[in-house]
Amino acid sequence: MNRILVLLRITVVLVLSTSCTDDTILPEGSQLTASIENTTTQEGTPGSSRILFNNEPTYQRMNVVWKDGDSIGVFGSGGGTNTLYTTRSSAITDNGRTAIFTTTATKPTGTLTAYYPYQKNATMNGEELLLNMPRTQQYTTDGSGIVLPPAEAGFMVARQTDGNDNLLFSNVLALLQINLLQNRDSIVKKVIFTDLSHKPVSGPFRIKWTDNIPEAVFPAGNTPANDTLTLNCGEGISL
């Protein structure tokens, strides 16, 4: 019997060495303006969960945008610990590139360190940001079937030292798109990734800044609990 192979395209976020809306505007002191640094391409550049995929055959560009309900966490060197900020569709401009985020809590002060997406257990250690890479990412597509990066793993960060309320976010992880060749009528329920040297690819990691450039750093050494990353395909993807 001849085998008929089918190509499955999946997208996962990894470290690669590197509706109705409420239009009420809160007081200005509770707002931060957040912009996204640049447009990404598929190969060799950081990725993000906030992506619109333009199927342009030459550049295959992915535009990173804010969306309704996005939440960020903000730390302040002078006060404010993991303050939750959110945005709405009515506060998003510039084709999704810029958004006003608001909070009901006290605004952080001093040097601001912000990150996306919000995690309630995020902390700071000195000037380093401590986050957690989910061990499982969800297979996601848009309405037209284009595969999208998982929202829970599309980390972006920003740091503001000059006292104003404008945050410029940049991506710290890479977007990896993988094509799997399988038999027709196969059902893929999950895909498990691991580092060949058994270095952590999920779990706790830190963001450090060198010359204002952020870098994601996972712990050195073998950490069995965090040496795999699973892409969960739910009930399965039929090929």
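Here are some exercises with worked solutions on this predicted model.

**Exercise 1. Get the overall picture: how many helices and strands does the protein have, and what share of its residues is buried?**

Step 1. Start with secondary structure: the count is zero helices and 23 strands.

Step 2. Now turn to burial. The protein has 239 residues, and buried ones make up 43% of them.

Step 3. Finish with the surface. About 12,700 Å² is exposed, and carbon and sulfur atoms supply 50% of that area.

**Exercise 2. Classify the ring pair Phe-155 and Phe-205: what is its geometry?**

Step 1. Some background helps here. Two numbers describe a pair of aromatic rings: the distance of the centres and the angle of the planes.

Step 2. A search of the whole structure turns up seven aromatic pairs. For Phe-155 and Phe-205, the ring centres are 5.2 Å apart and the planes sit at 75°.

Step 3. Apply the cut-offs: centres must lie within 6.5 Å for a pair, and planes over 60 degrees apart count as edge-to-face. The plane angle here is 75°, so this pair is edge-to-face.

Step 4. Next, place the two residues. Phe-155 is in the loop between strand S16 (147-148) and strand S17 (156-160), while Phe-205 belongs to strand S21 (residues 203-210), so the pair ties together parts that are 50 residues apart in sequence.

Step 5. Check burial too: Phe-155 and Phe-205 are both buried.

**Exercise 3. Look at two other aromatic spots: which residues form a cluster with Trp-66, and what sits over the ring of Trp-209?**

Step 1. Trp-66 shares one aromatic cluster with Phe-101, Tyr-116 and Phe-169.

Step 2. Over at Trp-209, the charged end of Arg-159 sits above the ring, 3.9 Å from its centre.

**Exercise 4. Map the largest nonpolar core: which of its residues touch the most other members, and which strand gives the most to it?**

Step 1. This core holds 25 residues, and those touching the most other members are Leu-129, Leu-131, Met-133, Phe-205 and Ile-207.

Step 2. Sort by strand. At least two residues each come from strand S13 (128-133), strand S19 (173-183), strand S20 (187-194), S21 and strand S23 (228-238). S23 gives the most, with four residues.

Step 3. Zoom in on Leu-131. Skipping neighbours within four places in sequence, Leu-131 is in contact with Tyr-115, Gln-119, Ala-122, Phe-155, Gly-203, Pro-204, Phe-205 and Ile-207. Both rings from Exercise 2, Phe-155 and Phe-205, are in that list.

Step 4. Don't miss the other core lying apart from this one: it has 16 residues, among them Val-64, Ile-72, Tyr-85 and Leu-112.

**Exercise 5. Is Gln-160 buried or exposed, and what does it touch?**

Step 1. Gln-160 is in strand S17.

Step 2. Its relative accessible area is 12%. The cut-off for buried is under 20%, so Gln-160 counts as buried.

Step 3. Follow the side chain: one of its polar atoms lies 2.4 Å from the backbone oxygen of Asn-166.

Step 4. List the contacts, leaving out residues up to four places away in sequence: Gly-110, Thr-111, Leu-112, Asn-166 and Leu-167. Leu-112 also turned up in the 16-residue core.

**Exercise 6. Compare sequence neighbours Thr-81 and Asn-82: is each one buried or exposed?**

Step 1. Thr-81 is in the loop between strand S7 (71-76) and strand S8 (83-86), and Asn-82 is found in the loop between S7 and S8 too.

Step 2. Thr-81 has a relative accessible area of 66% and is exposed, whereas Asn-82, at 9%, is buried.

Step 3. Add what surrounds Thr-81. Not counting residues up to four places away in sequence, Thr-81 touches Val-74 and Phe-75. The C-alpha atoms of Thr-81 and Pro-108 are separated by 7.4 Å, with their positions 27 residues apart along the chain.

**Exercise 7. Hunt for backbone oddities: which peptide bond is cis, and what is phi of Asn-82 and of Asn-212?**

Step 1. Recall the background: most residues other than glycine have a negative phi, and most peptide bonds are trans.

Step 2. The bond from Tyr-116 to Pro-117 is cis, with omega near -5°. Pro-117 is in the loop between strand S11 (112-116) and strand S12 (123-125).

Step 3. Asn-82 has a positive phi, near 50°.

Step 4. Asn-212 has a positive phi as well, near 70°. Asn-212 lies in the loop between S21 and strand S22 (213-217) and counts as exposed, at 67% relative accessibility.

Key:
Residues numbered from 1 in each chain as written. Predicted model: local features only at pLDDT ≥ 70, side-chain atom pairs only at ≥ 80, totals over all residues. Heavy atoms only, no water. Phe/Tyr/Trp six-rings, centres within 6.5 Å; stacked < 30°, edge-to-face > 60°. Buried < 20%, exposed > 50% of the residue type's maximum accessible area, 1.4 Å probe, protein only. Lys NZ or Arg CZ within 6 Å of the ring centre and 35° of its normal. Core = buried A, V, L, I, M, F, W, Y, C linked by side-chain atoms within 4.5 Å. Contact = heavy atoms within 4.5 Å. Polar contact = N/O pair within 3.5 Å; in protein donor to acceptor, adjacent residues only side chain to side chain. Areas by Shrake-Rupley, 256 points an atom, 1.4 Å probe, with all protein chains shown as cover.
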